[in-house]
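Work through the exercises below with the model at hand. Each task is followed by a stepwise solution.

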Amino acid sequence: LKTAFSEPNMAAAMELRCWGGDWGLPSVHSESLIVQAYAKFSGAKVKVVPIDWTWKTLTATVPELLCGDSAVQEPTNILNYLRKQRFNADYELTARQGADTMAYIALLEEKLRPALLHTFWVDAENYANLTRPWFASRSPFPLNFLVPSHHANTALSRILLTKGEASLHGITEVEGKIYSDAKECLNLLSYRLGTANYFFGNLPTSLDAFVFGFVAPIYKASLPSSPLQSHLRQLDNLTSFCDNILAVYFTHTMTNTISPPPPVQETMDANLQKLTQLVNKESNLIEKMDDNLRSSPQHKPHRPDPKPSLASEQSSTPA
């Protein structure tokens, strides 16, 4: 009888269906990026199978992890599945850090995802010149006429669902709020990261995977119109964070020269203080409610030896 706590079948190959890569990224799709990054961080051997140029471009829900008789969708569910297979990048986190992780991921979903979706799928200039041509070119005929509009409608619905008041006023009335929230979220992430390579010490965790998945497409895409991208590129430590992960864990997209994260200002404005208080409050609630946050799995995970960051490699290179 197979249960959630059964010993994992380590012989079973894991296959990840996702959208393919471009713009120097292993995938252009945020959710697919999250799972690919976490698999790298945790040492999970996953075969990546892009759905590009197949009928699955319209019918599949990606990312989707296939392993034996199991088929798992959605990044959170996939990461939980990998943890049960002892591929746990969060194994060494304290309960407080685990609560912080959940609070920051909730913040990403609430504050950054609407702007991410709007940038690629609702902004008319970006959709016409980048998003629609890209997804159409990777979908077989006649799906190339259907796939972009299908995803655009799904993105718009998701934005309106996230921003409850938007359904009463329409998307144009809340665009300003969407982007101001996203910029504040990026500012908070930048402040929280500081000069470190990762959010919790020297090893990347699930929070690093989520931040990478949300931020990297905004940073790397050739967007003709994006105030959010312009704002992000002023946050040097967040862009260096993305470059470092690409170089260390996705060597085929390694850039030529990457500098270590620069110092960030140590003072917080009022908006950052409010967001920080919000995250801390949510983190405290999570920590109090979930006494079993780190109770599963009980076994030491199959995690590879930590890879050196570019900054540490550069500092150890003899002159």
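**Exercise 1.** Classify Arg86 as buried or exposed, then place it and describe its phi.

*Solution.* Step 1: take the cut-offs. Buried means under 20% relative accessible area, exposed over 50%, and partly exposed in between (1.4 Å probe, protein chains only). Step 2: apply them. Arg86 has 15% relative accessibility, so it counts as buried. Step 3: locate the residue. Arg86 sits in the loop between α3 (75–84) and α4 (95–122). Helices (H or I, at least four residues) and strands (E, at least two) are DSSP runs, numbered from the N terminus. Step 4: check the backbone. Arg86 is not a glycine, yet its phi is positive, near 70°.

This is a predicted model: local features need pLDDT of at least 70, side-chain atom pairs count only at pLDDT 80 or more, and totals for chains, interfaces and linings use all residues. Residues are numbered from 1 along each chain as its sequence is written, and side-chain values use heavy atoms, with hydrogens and water left out.

**Exercise 2.** Do the same for Trp23: which loop holds it, and what is its phi?

*Solution.* Step 1: Trp23 lies in the loop between β1 (14–18) and α1 (30–42). Step 2: its phi is near 60°, a positive value in a non-glycine residue. Step 3: Trp23 counts as buried because its relative accessibility is 16%.

**Exercise 3.** What share of the protein's residues is buried, and how many helices and strands are there?

*Solution.* Step 1: of 319 residues, 50% count as buried. Step 2: the secondary structure comprises 13 helices and four strands.
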